Every structure is written in structure tokens, then in C-alpha cells.
Amino acid sequence: MSLDSATRERIETLLKQHRVVLFMKGNRQQPMCGFSAAATNTLNELLPEYHTVNVLEDPEIREGIKAYGDWPTIPQLYVEGELVGGADIIRQMYTSGELHQLFGAAAPDRTPPQITITDKAADVIRQGTGNAQGVVLHLEIGPDHSAGFQLAPAGDHDIVVTSNGIEVHFDPGSAQRAKGIVIDWVSTVQGEGLSLKFPGAQEIASLTVHELQARLAAGSITLIDVRPAHGLAQAAPLAQARVLETEGYDALAALPKDTPIAFICHHGISSQGVAERFAAHGFSKVHNVEGGMDAWAREIDTSVPRY
């Protein structure tokens, strides 16, 4: 892949102007792919300031940076003009403590957290991982308390905790955020799945679409639509709703912690997860809309498209 001199000069200027540069899809506030989100989540742990370049807005830089460092994928992290690597390398260096050292940060706290896995959750995890070979269960908890399980090979620097016979691997940041969590298997009107309860988190109250309609009419609740772009395109958000996709998590998380909030999605499943994240951050009046926009279209306003 060739690199023209004008694009090379633009890249070199960026690297000279900023000590830390992340070439990514989207920006720090709104990453536009999972790998870019993983990279920013890691960097946000260690750096109050760093420069990002949204390659989606600049096709020349998008292709040029691949040729510049002979690295075929995005994101790419540069420090003091030198290529560090992509999302996987960033994560590996964070877990080992090399990234902390690179940025002059304190070494990560590697104290294993105390966690609880209920009997029901342990049974489900055993069933789901019984045939897995060469992989272990990882739990990643982001700064905003978003959480995700995955099966992947064990890392040399994983922090490993065993509860109820289940071994869970953490990176250092996730391990600290996992202190005191309870992992359970829950069945609700929204569906079934593993649930994480953080110490001190408020319970999520369910709200029917009829109750939501009354609260919106009274102006007594803030509605947040958490559907992704393709869902919003299928059925527009309600007139009173604020949209997570548009405003971003940080802006909405800046609301006063006693704000009554209701979260809505397509069927009421993903909104439950977002509601739990807000509760974990100290919001005290958090609700999830049962059945989501689909229930609203069936029971309140039949002009809203169902999809």
C-alpha cells in the first residue's frame, strides 16, 4: 500500500503535535466500533487527555495510517510518534502493567475481588462452558459499569477468582470494579440472562407502557431511548425521549442522581442492562419499560411501526 507525501505529512504533523494519538472509528465520547470502544475504555483508565482521530471522517487518513505504520487494522495507538499497536495489544499491555509504565501511571492494583456467584448462575455457566476447550471465562466491567462475559484463552497476567466452583478471569480495572458483585441468573418479563448486582446499586423498577404514558403526560419522568441507529430508523423515538445514541452515555450520566429515569428499547431487554449501569453509578430512581417500543406500538399508539 502506497502513501502519498501529503498524507504522510499530515500524519507526521499530528504525531508531533500530540504525545498520545489514537486513530479510531468515532471519537473518545462516541466510539463507532467495538475495537475502538475497547481501546478508549482502556486509555480512559490511565489518561485524562489524549488526542483521537476519527478515520471515518477522513478516508485519506484511514488508508494512509495503515500504510504509515504497516499496520492493517483500526484502531492504532501512537505514543511519542511510535506505533504501539491495536486494540488487542493495548489491552495486553494494560493487563500486564506495561501501559501504566509507558504513561508513568501507578502500577495496577492486582488484588483479587470478592465476588458471589449464585447456585443458579453457576449451573447455567457450567452448562454453557462444559464443552469449551482451551478457553476460560472472562468478565470485563467498563468504567461505566457495562459488563460482558466472554470465553477466551487465559492471559498470563489475568486476575483469577473462584466462586461457587466457577473460575472467572479479570483484567486489573475490571477486578477493582467487581468488588462485592453478585452474579445471578434472573428471569423477568424482558427475558432471561446473567445479571450483575453491584454493592449499593438500586433495584430497577419495572414500568408498563401505560404507566409511562401517564408519567410522561405529568412530566414526572425522563425517558431515555437506548436503541441503536438501525432501530431508531425503523421507529422514531417518542417526542419526549432523549436518545442515548445521539447524546452519549457521559452526557446523560451527568444528570442529577435523583432524576426519575425510564429506559426504553425495542423489547425491554437491552434497556434493562443500561438501567443497571445507571443504578450502579448511583441513580436512585431508575425504571425499565416493560416490552419496550413494541409494547408501546401495540398498546398505546398503533401508528408506531413494529419491526
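These are my notebook entries on sheets, helix packing, empty space and backbone geometry in a predicted model.

**Entry 1: the parallel sheet**

I began with the sheet that holds E12, and I traced 5 strands in the order E12-E16-E15-E13-E14, forming an open sheet with parallel pairing. At its edges I found strand E12 (205-207) and strand E14 (242-243), each of which pairs on one side only. I then looked at one pair in detail: strand E15 (residues 261-264) and strand E16 (residues 286-289) run in the parallel sense and are joined over 3 bridges. Within that pair, I noted that Ile261 stands opposite Val286 in E16.

**Entry 2: a helix across that sheet, and its partner**

Next I asked which strands helix H8 lies across. Helix H8 (residues 209-218) lies across E12, strand E13 (222-225), E15 and E16, and I noted an angle of about 85° between H8 and E12.

I followed H8 to its contact with helix H13 (residues 292-299), where the two axes come within 9 Å and cross at roughly 85°. Because angles from 65 to 115 degrees count as roughly perpendicular, I entered H8 as roughly perpendicular to H13. On the H8 side I listed Val209, His210, Leu212, Gln213 and Leu216, and on the H13 side Gly292, Ala295, Trp296 and Glu299. Sorted by class, the residues of this contact come out as 5 nonpolar, 3 polar and 1 charged.

**Entry 3: a second helix pair**

I also looked up helix H1 (residues 5-17) against H3, and found that they pack at an angle of about 80° with their axes 10 Å apart. That angle makes H1 roughly perpendicular to H3. From H1, the residues Thr7, Arg8, Arg10, Ile11, Glu12 and Leu15 meet Glu60, Ile61, Gly64, Ile65 and Tyr68 of H3. For this contact I wrote down 5 nonpolar, 2 polar and 4 charged residues.

**Entry 4: the loop after H3**

From H3 I went on to the loop that leads to E3, with the general expectation in mind that most residues other than glycine have a negative phi and that most peptide bonds are trans. Which residue in the loop between H3 and E3 has a positive phi although it is not a glycine? I found Asp70, with a phi of about 50°, and I placed Asp70 in the loop between H3 and E3. I then checked the peptide bond from Ile74 to Pro75, which is cis, with omega near 10°. Pro75 lies in the loop between helix H3 (59-68) and strand E3 (76-79).

**Entry 5: the mixed sheet**

I turned to the sheet that holds E6, an open sheet of 4 strands in the order E7-E6-E9-E8, for which I recorded mixed pairing. The edge strands here are E7 and strand E8 (159-163), each pairing on one side only, and I noted an average twist of 35° from one strand to the next. E6 and E7 run antiparallel and are joined by 6 bridges. Among the residues of this pair, I noted His138, whose bridge partner in E7 is Gln150.

**Entry 6: the largest pocket**

I then searched for open space, and the largest pocket has a volume of about 1,600 Å³. Of the 50 residues lining this pocket, I marked Gly34, Ala37, Ala38, Asn41 and Glu140 as the closest to its centre. The elements giving two or more residues to the lining include helix H4 (87-96), strand E6 (136-141), strand E7 (147-152), strand E9 (166-170) and helix H12 (270-280). The largest share of the lining, 7 residues, comes from H2. By class, I recorded 19 nonpolar, 19 polar and 12 charged residues in the pocket lining.

**Entry 7: the cavity**

Last, I looked for enclosed space. How many cavities of 30 Å³ or more are there? I counted 1 cavity of that size, and the largest cavity has a volume of about 50 Å³. I listed its lining as Asn41, Glu45, Arg91, Tyr94, Glu140, Ile141, Gly142, Pro143, Asp171 and Arg177. H2, H4 and E6 each supply at least two residues of this lining. By class, I entered 3 nonpolar, 2 polar and 5 charged residues for the cavity. I added a cross-reference to the pocket entry, since Asn41 and Glu140 line this cavity and are also among the residues closest to the centre of the largest pocket.

Methods. Residues are numbered from 1 along each chain as its sequence is written. This is a predicted model: local features need pLDDT of at least 70, side-chain atom pairs count only at pLDDT 80 or more; totals for chains, interfaces and linings use all residues. Side-chain values use heavy atoms; hydrogens and water are left out. Two strands pair if DSSP finds at least two bridges between them. Contact means heavy atoms within 4.5 Å. Axes are lines fitted to C-alpha atoms, for helices over the stretch in contact, and angles run from 0 to 180 degrees between N-to-C directions. Angles under 35 degrees count as roughly parallel, over 145 as roughly antiparallel, 65 to 115 as roughly perpendicular and the rest as oblique. Ala, Val, Leu, Ile, Met, Phe, Trp, Tyr, Cys and Pro count as nonpolar, Asp, Glu, Lys and Arg as charged, and the others, Gly among them, as polar. On a 1 Å grid over the protein atoms alone, a cavity is a set of points where a 1.4 Å probe fits but cannot get out, and a pocket is an open set with protein on both sides within 12 Å along at least five of seven lines; lining residues have an atom within 4 Å of a point. Grid points are joined across faces, edges and corners, and a volume is the space filled by probe spheres set on the points.
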